[in-house]
Amino acid sequence: MRSEECPSPAAVSARKFATRSPQAPNAVRQCWCRLCQYLSAGGGTVNAVFNKDAFHVSGETKVFTSVADSGSVMHRSFCPSCGTPLFSEAESRPQVIIVRAGTLDDPNLAKPAAIIWTESAPKWACFDPALPRVEGQQPAR
Ligand SMILES: [Zn+2]
């Protein structure tokens with residue numbers, strides 16, 4: 001069976017962002033919090049933090065609001081057509097947008113610099129030994 005491109009303009013916009021943006025991510029982390037394990041269907045997620053004022057989203061997205069393990073209220077946007085997680089916004093850090101690295105045209109842009117929430121990871125999880133690990137939430141910077 002051939003995989004089909006999602007026709008959602010929102011998803012396409014998120015994919016194109018990385019190649020259009022002159023801005024490198026402020027930070028990239030791999031996250032193993034329980035929520036990310038749900039989002040990734042079992043593994044950790046890779047998230048690239050960008051300044052929100054440089055990020056434009058066109059097209060329809062769906063938003064789900066919840067409280068993260070960190071205690072922060074999160075607004076998670078996803079593609080209403082295919083369900084792909086696109087990005088999230090934390091009320092505690094309104095200046096940034098946290099983009100799911102899988103939506104970037106060039107996933108090499110999102111090389112993780114740290115692994116967070118390792119205490120929530122399953123015992124079989126593999127961590128890059130070259131990366132620093134944080135048991136819970138990394139302090140915001
Ligand atoms: Zn997480």
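# Notebook: strands, cores and two odd phi values

I started with a hairpin: strand S4 (residues 73–78) and S5 run antiparallel and are joined by five bridges. For the record, strands here are DSSP runs of E with at least two residues, helices are DSSP runs of H or I with at least four residues, and both are numbered from the N terminus. Two strands count as paired if DSSP finds at least two bridges between them.

Before going on, I noted that this is a predicted model, with local features needing pLDDT of at least 70 and side-chain atom pairs counting only at pLDDT 80 or more, while totals for chains, interfaces and linings use all residues. Residue numbers run from 1 along each chain as its sequence is written.

**Entry 1: the S4–S5 hairpin**

Across this pair, Ser77 stands opposite Phe87 in S5. Six residues lie between the two strands, and in this hairpin Gly83 takes a positive phi near 85 degrees.

I then looked up Phe78, which sits in strand S4. Is Phe78 buried or exposed? Phe78 is buried, because 21 other C-beta atoms lie within 10 Å. My cut-offs: buried means 20 or more other C-beta atoms within 10 Å of the residue's own, exposed means 12 or fewer, and partly exposed is in between, with C-beta atoms placed from the backbone. Leaving aside neighbours within four places in sequence, Phe78 is in contact with Thr61, Lys62, Gly83, Thr84, Pro85 and Leu86. Contact means that the C-beta atoms of two residues, placed from the backbone, lie within 7 Å. I also checked Glu60: Phe78 and Glu60 are 18 residues apart in sequence and 9.2 Å apart in space, C-alpha to C-alpha.

**Entry 2: S5 and its other partner**

S5 also pairs with S6, in the antiparallel sense and over two bridges. These two strands form a hairpin with five residues between them. Phe87 turns up again here, opposite Val99 in S6. Five of the six residues of S5 are buried, so S5 is largely enclosed by the rest of the structure.

**Entry 3: the whole sheet**

I counted two helices and seven strands in the protein. Along the sequence the pattern reads α-β-α-β-β-β-β-β-β. In what order do the seven strands sit in the sheet? The order is S3-S4-S5-S6-S2-S1-S7, in an open sheet with mixed pairing. Strand S3 (62–67) and S7 are at the edges with a single partner strand each, so one side of each has no neighbour in the sheet. On average, neighbouring strands of this sheet are turned by 30 degrees against each other, direction ignored. The axes behind that angle are lines fitted to C-alpha atoms (for helices, over the stretch in contact), with angles running from 0 to 180 degrees between N-to-C directions.

Next I followed S1. Strand S1 (residues 27–31) pairs with S7 in the parallel sense over three bridges, and Cys31 stands opposite Ile116 in S7. S1 and S2 run antiparallel, joined by five bridges, with Ala27 opposite Val49 in S2.

**Entry 4: the cores**

A nonpolar core here is a set of buried Ala, Val, Leu, Ile, Met, Phe, Trp, Tyr and Cys residues joined through C-beta atoms within 7 Å. The largest one has 14 residues, and Ala48, Val99 and Ala101 have the most contacts inside it. Strand S2 (45–51), strand S5 (85–90) and strand S6 (96–100) supply at least two residues each to this core. S2 gives the largest share of this core, four residues. Apart from it lies another core, of nine residues, with Trp32, Cys33, Cys36 and Trp117 among them.

I took a look at Ala101 too. Not counting residues up to four places away in sequence, Ala101 touches Val28, Val46, Asn47, Ala48, Pro107 and Ala110.

Two totals for the page: buried residues make up 30% of the 141 residues in the protein. Of the contacts in the protein with a separation of 6 or more, 57% are between residues 24 or more positions apart.

**Entry 5: two positive phi values**

Trp117 has phi near 60 degrees, positive in a residue other than glycine. Trp117 is in the segment after strand S7 (114–116), and counts as buried because 26 C-beta neighbours are inside 10 Å.

Ala41 also caught my eye, with phi near 65 degrees, a positive value in a residue other than glycine. Ala41 lies in the loop between helix H2 (34–39) and S2. Ala41 is exposed, because there are 6 other C-beta atoms within 10 Å.
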